[in-house]
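Good morning, everyone, and thank you for making time for this. I would like to walk you slowly through one model, and please have the picture open while I talk.

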Amino acid sequence: MPRLKLFLPLAAFVLLSLLLFRGLSLDPTSLPSALVGKPLPDFELEELHSGKNLSRQDIIGKPMLVNIWATWCYSCRVEHPYLLELAAQGVRIIGLNYKDDGVKAIAWLKDLGDPYALTLADSEGMLGLDMGVYGAPETYVVDANGVVQFRHVGVVDAQVWQSLLAEWFPEFQSKGVAQ
Amino acid sequence: MIGLCMTVMTAQAVIETYEFSDADLERRYHRLSDELRCPKCQNQTISDSNAPIAKDLRFLLHEQLESGASDDEILSFMVARYGEFVRYRPGLDSNTALLWYGPLLLTLVTLFALALHLRSRKSVVAPVEPTEEEREALRARLAGSGGEQKVRS
């Protein structure tokens, strides 16, 4: 027994090392969304291009991605070409233009292409706030009933689509999207 | 003193100022904005941070306070949007149980280990005096083989 006691510091060290080692592979910026499993919040926002007032009822009904983007967000430019590819495959993407200037946003979509079936202009960021958005880009998977199933923070690319998002869109999964 | 320092820091960090209809609301505003965590800049409270999201949350906090919401209502409003993460004092559930009870647990474990240690020290009996034969044998060895002893030691 006294012999075993000598190994206690070693055991404590190993345990602590394992704990800290695991900490190295955790990403502290990935937060669980409080919205997962809950319906998309209600809203009343203008459509970016038409200026038409839209509410929650007008956009739900089909599985879709809700992509939070802004012209001030550099990573949004990075993921933009991939969103165009997804849209070309037929994935329904709703844009949420977050705390942005409408004129700049329209010019941006004109220059780079528009992957969005609809773009909601959330210039005050109030829908963003109701959704728990804390930066851009963020992408939400919303099912046909308007319930949020998943949230991805950061750039959407082929790998993110394949590993995290595609499972919610079985009709596009098999086709795969070119890298 | 620490409270004073924090108030000064807060006053420097925040750009916008809000008018409160009641001094009590202002006190609650400061208390809550020091408890709510900025989702973007994770190690700051919303009163510390200049991130746009922190500014929005301060705006909402002020609005809700003025509209008469209770502290609980405000906190659950924030938690519904940003999760328990947004509170520096999260509620007690299965995820945060270790956080709340961990220090108590560690203290108990330490006290237990200390008690064990002290008890085992008490139970050590006083050194036994060598018997006369043993003394004899020792003396014989010391006298008889001094050189060998040195080598051994």
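Let me begin with chain B, where, if we take the contacts between residues at least 6 apart in sequence, 45% of them join residues at least 24 apart. What does the secondary structure of chain B come to? There are 7 helices and 0 strands, so that reading along the sequence gives the pattern α-α-α-α-α-α-α. Of the 153 residues in chain B, 14% are buried.

Before going further, I should say plainly that this is a predicted model, and that its scores are ipTM 0.74 and pTM 0.72. For chain B the mean pLDDT is 82, with 82% of the residues reaching 70 or more. As a general caution, where pLDDT is low, the predicted coordinates should not be read in detail.

Now please turn to chain A, and to its sheet. Here 7 strands form an open sheet with mixed pairing, and their order is E2-E1-E5-E4-E3-E6-E7. Why is one side of E2 and of E7 left without a neighbour in the sheet? Strand E2, residues 53–55, and strand E7, residues 148–153, stand at the edges of the sheet in chain A, and each has a single partner strand, which is why one side of each is left free of a neighbour there. On average, and ignoring direction, neighbouring strands of this sheet are turned by 30 degrees against each other.

For those new to sheets, it helps to recall that strands pair through backbone hydrogen bonds, either parallel or antiparallel. In chain A, strand E3, residues 64–69, pairs with strand E6, residues 138–142, in the antiparallel sense over 5 bridges, and within this pairing Met64(A) has Val142(A) in E6(A) as its bridge partner.

If we move on from there, E6(A) and E7(A) also run antiparallel and are joined by 5 bridges, with Tyr140(A) finding its bridge partner, Arg151(A), in E7(A). The hairpin of E6(A) and E7(A) has 5 residues between the strands, and in this hairpin Gly146(A) takes a positive phi near 85 degrees.

Finally, let us consider the two chains together. How many residues does the contact take from each chain? It takes 11 residues from chain A and 13 residues from chain B, and on the side of chain A that touches chain B, the residues divide into 6 nonpolar, 3 polar and 2 charged.

Terms used
Residues are numbered from 1 along each chain as its sequence is written. Chains are lettered from A and ligands numbered from 1 in the order in which they are written. This is a predicted model: local features need pLDDT of at least 70, side-chain atom pairs count only at pLDDT 80 or more; totals for chains, interfaces and linings use all residues. Two strands pair if DSSP finds at least two bridges between them. Helices (H or I, at least four residues) and strands (E, at least two) are DSSP runs, numbered from the N terminus. Axes are lines fitted to C-alpha atoms, for helices over the stretch in contact, and angles run from 0 to 180 degrees between N-to-C directions. Two residues are in contact if their C-beta atoms, placed from the backbone, lie within 7 Å. Ala, Val, Leu, Ile, Met, Phe, Trp, Tyr, Cys and Pro count as nonpolar, Asp, Glu, Lys and Arg as charged, and the others, Gly among them, as polar. pLDDT is the predictor's confidence in each residue, from 0 to 100. A residue is buried if 20 or more other C-beta atoms lie within 10 Å of its own, exposed if 12 or fewer, and partly exposed in between; C-beta atoms are placed from the backbone.
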